[in-house]
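Dear colleague,

I am passing on the structure we spoke about, and it follows directly below. After it you will find a summary of what came out of the analysis.

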Amino acid sequence: MKTYEISRLIMKYRIGNPFETDAVLQKGRECDKENIEYFQIEETEGFRLSYRMTPQDIIWGLGENQKGMNKRGGVYVSYCTDDPNHTPDKKSLYGAHNFFVVDGEEKFGVFIDYPSKVTFDIGFTHSEFLDITVEGKDFDLYILKGTSLREIVQQFLSLIGESYCPPKWAFGYQQSRWSYMNAEEVEKIVDSFLYYDIPCDAVYLDIDYMEKFKDFTVDDASFPNFEGFVKKIKDKGFRLVPIIDAGVKIEKGYDVYEEGIEKNYFCVDEKGEAFVAAVWPGRVHFPDFLNPEARRWFGLKYKGLIDWGIEGFWNDMNEPAIFYTNKELHKAVEKAKEAQNQNLDIYSYFELRDAFVGLLNNLKDYQDFYHKSEGKLVNHDKLHNLYGYNMTRAAAEAFEEIQPDKRFLMFSRASYIGAHRYGGIWTGDNHSWWEHLLLNVKMMSSLNMCGFLYSGADTGGFGGDVNPQLMIRWMQFSLFTPLFRNHSAMGTRRQEPFAFDEGTLHILRNIIRLRYALIPYIYSEFMRALLNRDVYMAPLAFHYDDERSRRVEDQLLVGDALMITPIYEENAGGRYVWIPEEMLLWKAVDYKNRSYQIYKKGNAYLEADMQETPIFIRKNHIVLLGKHGSSVEELCHDELEAIAFVDSKATYVYYDDDGTTKEYKNRQYKEVLIEIEKIKNDFQITIINKGNDKLKKISFEILDIQGNMTKKIVEVS
Ligand code: GLC
């Protein structure tokens, strides 16, 4: 791995002898650990670091977690957990992202590079204290300095390296559901998108496509001639994206199982035998992704599906999720036998119940297996948070070997800092609850701060039944997230756009078309963030440092030009918004239908009917639009439209590339510099085209501060 000299603004303190997590790319300069700035440090069973917060301090970050953008008031435990009930009291979700920024009079970032449990108590136990408890004695602590939140986040993103880059088609709308049971059903979904004329780029295959839930197999009875099927669907303009789970089914004759056993590529128990746990297929072994050889072996298994035409995957159950282990199941069954014919009082009944309920993801199980690292066995619990990260790394490293220049779609459920270099993430099993739409809004910016640019939630909610208005409002938000996927659980109400009444379908179609029309902007801004170690979605505090803007929890900046104000309440005909400076509101009904309104700085009530997506354009900024098409590849960006809100001068750098290769790493991309300057009562437009030979024309709608519109069409040479 390429490493870089560490920046002068980053202090690294090494405590003990940490395990090499590969979270950061910059190595080098270490500071004296006797003089750690900001924190009181105390050796306990592990270590405890305390910082006294001032009342003004805002704590940003911590990636995939509950609660607000400002993390004050909560306890967060970094320990990747498969818990499908994301209620506000839960302290761990699927990721472990130990980076945060203290933003007050003192401004600094903190990253704890430790792969097992770390607890962040941020003003929960004591309102003024931020206490970090690291359970072990070996870790790296990084303190990052800067003059602003944005600068500190950029330092961190430089430390951990460039984000994974998906293919451009992965910016299209994607349809998923657990329970597309066979080829006919999948094809019916595809045909419905075509019939209802709704753009869509990918349809997902959940565990139902496999033979008995065995990784890298396809059930021949329900998906016969899979290669031909992949091609057929591709010819209709859609990609299929299969799931891969962490656990490998124990079954004689199954090649992945046989090879893993033969080569000792599975995690082992204390006797040195392959560790057994149960997930979807029943009993499984877990590949030892911490062992580079095993990682390569598992990664190259993706090739089978790639050879059949697959271009994207999602990695799941890689916390790793455990339904039960033999040991704990045995104990529970014994308890049940003892309980038979007994008159259980409340305590013995609870004990019996908990013996079964507690089988799922039992923390004790994580202490019962081991990884091989540099010839030594290391207990899983000590490295727990690296598991999903290294599963995704296994895939990404193999893609690099299989087709070095191709961009594959890859995202994971579990992750650790550094995993963003190998894939994106989705936020797991949320619910069709309004609260989870809001949680999605709050989480996006903290995921971005931890490098996870390509991310998104199950739009519409995974568990539970969505109603039409929640579906609409969620889509109106997700249309801005790089990963825009509608996914739901087996047994819940169907939530494909055409599963709803006609009126709802009509609105959903328009929202998805709006997404496709915005792809020139969304892709350009995503790539700008990726190439400049910046974020794509940010809290207002990234650009506005007044107290009011810093406290806004339910609005986001999307790229450089836009602010969004998602509506996340049932039956709401609008919402209160904070406008941090004069802005132009575009209420989008569809990508063509545009009405504008100028908003002055201050508090305002924004009305937005169900069919209206409110989009604010910042002052002296430009947003670019194309036409919609039925898929990303169909979009032809030879003519673009620009909406600009200009007081003095606005500039925009429109980025594009081939969308499929890694040539962008060699600066093989096309940029178009657009500048609009107000001169007296007119606007002068300058366009400098650096290599975009497709673009022929841009039609401008420029609004000035009084709301007067000037229309201009400029040919691009
Ligand atoms: C897990 C995943 C979910 C998937 C299901 C079945 O719950 O988080 O997305 O649909 O497993 O594979």
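In this predicted model, the chain is made up of 15 helices and 43 strands, alongside whatever lies outside those elements. Its radius of gyration comes to 26 Å, which is close to the 27 Å that the globule rule gives for 717 residues, so the chain is as compact as a globular protein of that length. Measured out along its principal axes, the C-alpha trace spans about 85 × 65 × 55 Å.

Two further values describe the chain as a whole. Buried residues account for 62% of the 717 residues, and, among contacts between residues at least 6 apart in sequence, 72% join residues that are at least 24 apart.

One helix pair may be worth your attention when you open the model. Helix 7, which covers residues 326–339, packs with helix 8, which covers residues 346–357, at an angle of about 155 degrees, and their axes are 9 Å apart. Because angles over 145 degrees count as roughly antiparallel, helix 7 and helix 8 are roughly antiparallel to each other, and their crossing is left-handed. On the side of helix 7 the contact is made by Ala332, Val333, Lys335, Ala336 and Ala339, while helix 8 contributes Glu351, Leu352, Ala355 and Phe356. Sorted by class, this contact of helix 7 with helix 8 has 7 nonpolar and 2 charged residues, and no polar ones.

Best regards

Definitions and conventions
Residues numbered from 1 in each chain as written. Predicted model: local features only at pLDDT ≥ 70, side-chain atom pairs only at ≥ 80, totals over all residues. Heavy atoms only, no water. Axes fitted to C-alpha atoms, helices over the stretch in contact; angles between N-to-C directions. Helix = DSSP H or I, 4+ residues; strand = E, 2+ residues; numbered from the N terminus. Parallel < 35°, antiparallel > 145°, perpendicular 65-115°, else oblique. Left-handed = near helix turned anticlockwise from the far one by under 90°. Contact = heavy atoms within 4.5 Å. Nonpolar A, V, L, I, M, F, W, Y, C, P; charged D, E, K, R; others polar. Rg over C-alpha atoms; globule rule 2.2 N^0.38 Å. Buried < 20%, exposed > 50% of the residue type's maximum accessible area, 1.4 Å probe, protein only.
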